[in-house]
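Please give a short report on this protein for a bench biochemist. Cover the overall fold, the core, the main helices and strands, and any unusual backbone geometry.

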Amino acid sequence: MGKHANRPAEAGQSAPRSGSPFKWLALAVVLGGAGIGAAIILTGDKPWGSSPPGMVWIPSGTFRMGTDDPNYRFEDARPIHDVFVSGFWMDETEVTNEQFAAFVTATNYVTVAEQKPSKEILLATMPKGAQLPPDEALVPFSLVFAPPTDEVPFENEADWTKPVPGACWKHPEGPGSDIKERMNHPVVHVCFVDAEAYCKWAGKRLPTEAEWERAARGGLEGKPFAWGDEPVQENGQWRCNIWQGRFGGKPNALDGFVRTAPVKSFAPNGFGLYDVAGNVWEWCADWYTPGYYAVSPRENPKGPAGSYDPSRPDEAHVPKRVQRGGSFLCSDGFCARYKPYGRGKGEVYTGSSHIGFRCAKDR
Ligand SMILES: [Ca+2]
C-alpha cells in the first residue's frame, strides 16, 4: 500500500462530498462512454443519422481479398491478401434506367454510345493493327449481345456481341427497342466515362475494386459466392441472374431472364446489396492490371497507376478499368466471374448491353 493511501485531504483541497456535482458528472461520463461503446457494437462505425436514399453502410474492416480458386479464369485474382477498407456507403442496387433517366433529364447528358465516335479516341483504344474506319462508317453505336445460334467459343466476344448502330441506354437492342418496361432494370450501354459523369452528378463516386469486393462478400470470409457456400441453383431456384446451359443455341433462361433482370429480383447479400453476382458487370474506379494483388497496398488500395492487359496482346496498351460482378452472360461453364473475387476489365469508352455500374459515397 502506498504511503499516502490514507492521507487526509490537504488544506485547501476538499474531498468530494456526497452529492457533489462531480460525482454525477463522473457517472454521466461513464454511462455515456458505455452508451457509445454499445452503439459501436450495435452499429459498427456507421455514421449517425439516416442513410442516403438507396445506400447501405459497408463497415470498416479487414477482409481476405482474392482467391486460390484453381480455375484459370481467376489467375488475376491471386494471391489472397488481407486488405483493410474504411467504411463507406454503397448503392444497394445497380443504377437503374429510371435513375439514369433522371440524370439525363437534369443535365442533358449524352452518353458516349450516342455520339459519333471520335478518331482520337478510336486511335487510342483500337487493337494494334486495326484500321480506322472510313468517316462515313463512324456512326453512334454500341455492342449488343446477340445470342449465337450455334455453340461458339465464349472467349471470342465478336461471335456473340454485334456493334449495332443506334444502340444506347434508351434503345438497348438498337432502334425499335426501348426501356419503357425496363425502368427498374440496370442501365446498360454506359461506358466508364458515362458512369463517372452520373456519379459526379449524384454526389457519389465509383467504388474502388477493394471496396467492391469487400461489399460483395457481404461480411463473409473466403466463401465462393456472395451469399456463402450454397450452390447457385437448388431445386430449380436460382440465386442470381446468370446464363444456363451451353453457350449457343436457344437460350434456356431457367432463372427467368435471358438478358437483364429488374434489380432486387434475387435476395440481397449479408450487407443488403442486390445483384452483386450476375445481371450486369459493374464499373470500378481502378485501372486494371493482372498482377496488382502481389503489390497492392494493404490499406484502402486504389489500383495501379495505369492499365495493362497482356491477356489480349493486341490491345494490351488499351486503357482499361476494372469491372466486377459478372453479368447475365456468366456461367460456371465459361465465364465464372460472377463470383465475388472474379475480376473483369473493359476499355473506358466502351459500354455494352451487359455492363452497368453502382455508386459508392464517402461518409
Ligand atoms: Ca439469366
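## Helix H4 and its surroundings

Just after H4, Gly-203 takes a positive phi of about 70 degrees. The model is a predicted one. Helix H4 itself spans residues 192-201. Its buried residues are Phe-192, Asp-194, Ala-195, Tyr-198 and Cys-199. Seen down the axis of H4, these residues fall within an arc of 160 degrees, so they line one face of the helix. An α-helix has 3.6 residues a turn, so residues three or four places apart point the same way. The buried residues of H4 pack against helix H2 (97-107), E9 and E10.

Ala-195 gives a closer view. Leaving aside neighbours within four places in sequence, Ala-195 is in contact with Val-190, Leu-206, Trp-283 and Phe-357.

## Overall picture

The protein has 363 residues, and 38% of them count as buried. It holds five helices and 13 strands. Among contacts with a separation of 6 or more, 71% are between residues 24 or more positions apart.

Confidence varies along the chain. The average pLDDT is 89, and 88% of the residues score at least 70. Over residues 1-19, pLDDT stays under 50, and the model has four contacts beyond four places in sequence for them. Over residues 38-42, pLDDT also stays under 50, with zero such contacts. Where pLDDT is low, the predicted coordinates should not be read in detail.

## The nonpolar core

The largest nonpolar core has 65 residues. Met-90, Val-190, Ala-195, Leu-206, Ala-215, Ile-242 and Leu-273 touch the most other members. Several elements each supply at least two residues: strands E1 (55-58), E4 (88-91), E5 (141-145) and E9 (281-287), and helices H4 and H5 (209-216). E9 gives the most, with five residues.

H5 is mostly covered, with eight of its eight residues buried. The buried set includes charged-group names as well as alanines: Glu-209, Ala-210, Glu-211, Trp-212, Glu-213, Arg-214, Ala-215 and Ala-216. Just after H5, Gly-218 takes a positive phi of about 65 degrees.

## Strands and sheets

E5 is mostly covered too: five of its five residues are buried. Phe-141, Leu-143 and Phe-145 point one way from E5, while Ser-142 and Val-144 point the other way. Five bridges join E5 to strand E6 (residues 161-165), and the two run antiparallel. Within this pair, Val-144 stands opposite Lys-162 in E6.

Elsewhere, four strands form an open sheet in the order E11-E10-E9-E12, with mixed pairing. The edge strands are E11 (343-347) and E12 (355-356), each pairing on one side only. E10 (residues 320-324) and E11 are joined by five bridges and run antiparallel. There, Arg-324 stands opposite Arg-343 in E11.

## Loops and backbone exceptions

Most residues other than glycine have a negative phi, and most peptide bonds are trans. The table lists three exceptions.

| Site | Backbone feature | Loop |
|---|---|---|
| Arg-78 and Pro-79 | cis peptide bond, omega about -5 degrees | Pro-79: between E2 (61-65) and E3 (81-85) |
| Lys-264 | positive phi, about 70 degrees | between E8 (237-238) and E9 |
| Asp-275 | positive phi, near 60 degrees | between E8 and E9 |

Are Lys-264 and Asp-275 buried or exposed? Lys-264 counts as partly exposed, because 14 C-beta neighbours lie inside 10 Å. Asp-275 is buried, because 29 other C-beta atoms lie within 10 Å; the cut-off for buried is 20 or more.

Asn-184 sits in another loop, between E6 and H4. It is partly exposed, with 17 other C-beta atoms within 10 Å. Not counting residues up to four places away in sequence, Asn-184 touches Thr-96, Glu-98, Pro-262 and Val-263. Its C-alpha atom is separated by 8.9 Å from that of Val-95, and the two residues are 89 positions apart along the chain.

Note on methods. Residues are numbered from 1 along each chain as its sequence is written. This is a predicted model: local features need pLDDT of at least 70, side-chain atom pairs count only at pLDDT 80 or more; totals for chains, interfaces and linings use all residues. A nonpolar core is a set of buried Ala, Val, Leu, Ile, Met, Phe, Trp, Tyr and Cys residues joined through C-beta atoms within 7 Å. A residue is buried if 20 or more other C-beta atoms lie within 10 Å of its own, exposed if 12 or fewer, and partly exposed in between; C-beta atoms are placed from the backbone. Two residues are in contact if their C-beta atoms, placed from the backbone, lie within 7 Å. Two strands pair if DSSP finds at least two bridges between them. The arc is that of the directions from the helix axis to the C-beta atoms. pLDDT is the predictor's confidence in each residue, from 0 to 100.
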